[in-house]
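Let's take a friendly walk through a protein model together. Have the structure open beside you and follow along as we go from sheets to domains to ligand.

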Amino acid sequence: MIAEEQTKNHRLVIVSNRLPIVLKKQKNDWTLAQGSGGLVTALAPVLKNRGGLWIGWPGATEAVPGLSDMLNSVSDTLGYTFGAVNLTEAELKKFYYGFSNEIIWPLFHDLQTRCNFDVEYWKSYLDVNSKYANVIANCVKPDDYIWVHDYHLMSVGKELRKLKINSKMGFFLHIPFPALDIFVKLPWRFEILKALLEYDLIGFQTLRDRRNFVQCVRTLIKDVNIHGKGQVLNCRVNDRESRIGAFPISIDYNEFARQAGATAVSEKAWYIHEDLPRRHLILGVDRLDYTKGIPNKLEAFRTALIRYPELCGKVTLIQIVVPSREDIPEYYELKEEIDRLVGEINGKFTQSGWVPIHYIFRSVSRVELLAYYRTCETALVTPLKDGMNLVAKEFCAASVDESGVLILSEFAGVATQLQKNALLVNPYDIEGVAETIYKAITMDKGEQRTRMRKMRRSVRENNIFRWVDSFLRTSIEQDLNSFPLVADYIPQIKTDEDIAIPFNTLL
Ligand code: ADQ
């Protein structure tokens, strides 16, 4: 009863760059669909239970007639409301493509030479963060808990404090936090650290990220006292207290495993097998991004075919690349590099009846993605650096027959959890990755099963609900048990068109 009353008083307000909805324009008509994905699934029951609120950009820079009515009708179905932050084309260019994705994204992935430290980007970042804060300030009540997500919105907390909002606020960084010697390159390093310390809880994906942040704060901020041990540390600067923790994000394991066993997925998997009979299939699934190490992966596959010629005709790499941020020149150039490498490798090795790389450059439906996860014997997940990497976890969850080998970059956050049973590689070591590909292909079924079983257990136990639970428990001393699952929310999978995963809905 007490817990229920507390729950009613404190709404949860989620803030992310984008709303978890998909806005589409067909001719002159706009439609709105509800987003899916682990984060939305895990947060929806909490939001519904609290009559909560999700604030973000709806995804269009032009005026959308009737948007608020559309949002209200989706809200009625879901049981929580949306707050829209409208962004102009210029803001999108400087705040989103500029500061967020030409400065913070490369820097936080240790690629400082790719940064474009344009001061106009910084100004726009502050303006847009203040815009988000104003929308939040107009909606929140004093007892609400505000949970801000990711690198686009690091200054929102500070802007809210300026507006005299004293609600409890948490922040979660989905990408890595860099080491001190890289972070100090940021011309606005003090401002960003101070802004982050305005949140009551600052969450990172791994202990390594948290350690990097703590080292930056200790070195760059005066009069700081950081103490404690375990998952969450306490940080005091003058009279401001914050907590700093590691909360590795995950997926809705049960839902993934359930959907992977659905008839539509089994049928699709059967067709993939039929089209590529007697092949060992290796799968790569990556958003088009230079941090994902796609060229390195292709080079490693080429090296494997040269070093182990017996693989020719027997092994196929299915590489799915999902289009992303193509308005940024570097992403467009990366696409050209991938096209060229795939062309070169296929041109050199293709034989009658065998093409070494099946290259798919588009977003695929959830059924298709799951069918590839199920059909492929090996997953090749080799980012140069990654906050977590959910593809690795999804591959394990979808391996319902407990077979399959995961080759995993040691620089992905997920490696801290799966390192014992995945085959870890350094993605820069092309020869090493090629050898590991060979090892995966020749690994006996018994060893595969033992490793996969343990990885599946780890992902099952540390699922997305546990992640939300531990963040909320640390923030507001409420756990997920206070928020019963909403059965009608779970998406049902019937046909291929049923669920197209809105890729990167939030980022
Ligand atoms: P991303 O960089 O986008 O996320 P990742 O964690 O791998 O990387 O998530 C990708 C998601 O997109 C997966 O859920 C996957 O199913 C989906 N997806 C992949 N291919 C798809 C396709 N072809 N069509 C449709 N959907 C597809 C950022 C950080 C990561 C961090 C996550 C979550 O960069 O490090 O793990 O946020 O915090």
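## The mixed sheet

Start with an open sheet of 9 strands, in which the pairing is mixed and the order reads 5-4-1-6-7-8-11-10-9. The edges are taken by strand 5 (81–84) and strand 9 (224–227); each has a single partner strand, so one side of each is left without a neighbour in the sheet. From one strand to its neighbour, the average turn in this sheet is 20°, with direction ignored. Keep in mind as you look that this is a predicted model.

What holds such strands side by side? Strands of a sheet pair through backbone hydrogen bonds, and the pairing can be parallel or antiparallel. For a parallel example, find strand 1 (residues 12–18) and strand 6 (residues 145–149), which are joined by 4 bridges. Here Val 15 has Val 148 of strand 6 as its bridge partner.

## A hairpin to look at

Now find strand 2 (residues 21–26) and strand 3 (residues 29–34), a pair that runs antiparallel over 6 bridges. Within this pair, Lys 25 is matched with Trp 30 in strand 3 as its bridge partner.

How many residues lie between the strands of this hairpin? There are 2 residues between strand 2 and strand 3, and Lys 27 takes a positive phi near 55° in this hairpin.

## The parallel sheet

Another open sheet is built from 6 strands in the order 14-13-12-15-16-17, and its pairing is parallel. Strand 14 (357–361) and strand 17 (423–425) stand at its edges; each has a single partner strand, so one side of each lacks a neighbour in the sheet. The twist from one strand to the next averages 20°.

Zoom in on strand 13 and strand 14, which pair in the parallel sense over 5 bridges. You can pick out Ile 318, whose bridge partner in strand 14 is His 358.

## Two domains

Step back to the whole chain. The domain assignment divides the protein chain into domain 1 (9–86 + 132–249 + 464–506) and domain 2 (254–461). Notice that domain 1 is listed as three stretches of sequence, while domain 2 is listed as one. The C-alpha centres of domain 1 and domain 2 are 30 Å apart.

## Around the ligand

Which domains give residues to the shell around the ligand? Both domain 1 and domain 2 do, with at least three residues from each. Of the 24 residues around the ligand, those that come nearest are His 174, Asp 386, Met 388, Leu 390 and Glu 394. Sorted by class, the shell holds 13 nonpolar, 6 polar and 5 charged residues.

Next, look at some polar atoms. One nitrogen atom of the ligand lies 3.2 Å from an N or O atom in the side chain of Ser 363. A polar backbone atom of Val 364 is 3.1 Å from a nitrogen atom of the ligand. At Asn 389, a polar backbone atom is 2.9 Å from an oxygen atom of the ligand. On its own the ligand has 720 Å² of accessible area, and the protein covers 93% of that area.

Which elements give two or more residues to this shell? They are strand 12 (280–287), strand 13 (315–322) and helix 15 (390–398). The largest share, 3 residues, comes from helix 15. You have already met strand 12 and strand 13 as members of the parallel sheet.

How values were computed:
Residues numbered from 1 in each chain as written. Predicted model: local features only at pLDDT ≥ 70, side-chain atom pairs only at ≥ 80, totals over all residues. Heavy atoms only, no water. Near = heavy atom within 4 Å. Polar contact = N/O pair within 3.5 Å; in protein donor to acceptor, adjacent residues only side chain to side chain. Areas by Shrake-Rupley, 256 points an atom, 1.4 Å probe, with all protein chains shown as cover. Nonpolar A, V, L, I, M, F, W, Y, C, P; charged D, E, K, R; others polar. Domains from an automatic or database assignment. Pairing = 2+ DSSP bridges. Axes fitted to C-alpha atoms, helices over the stretch in contact; angles between N-to-C directions.
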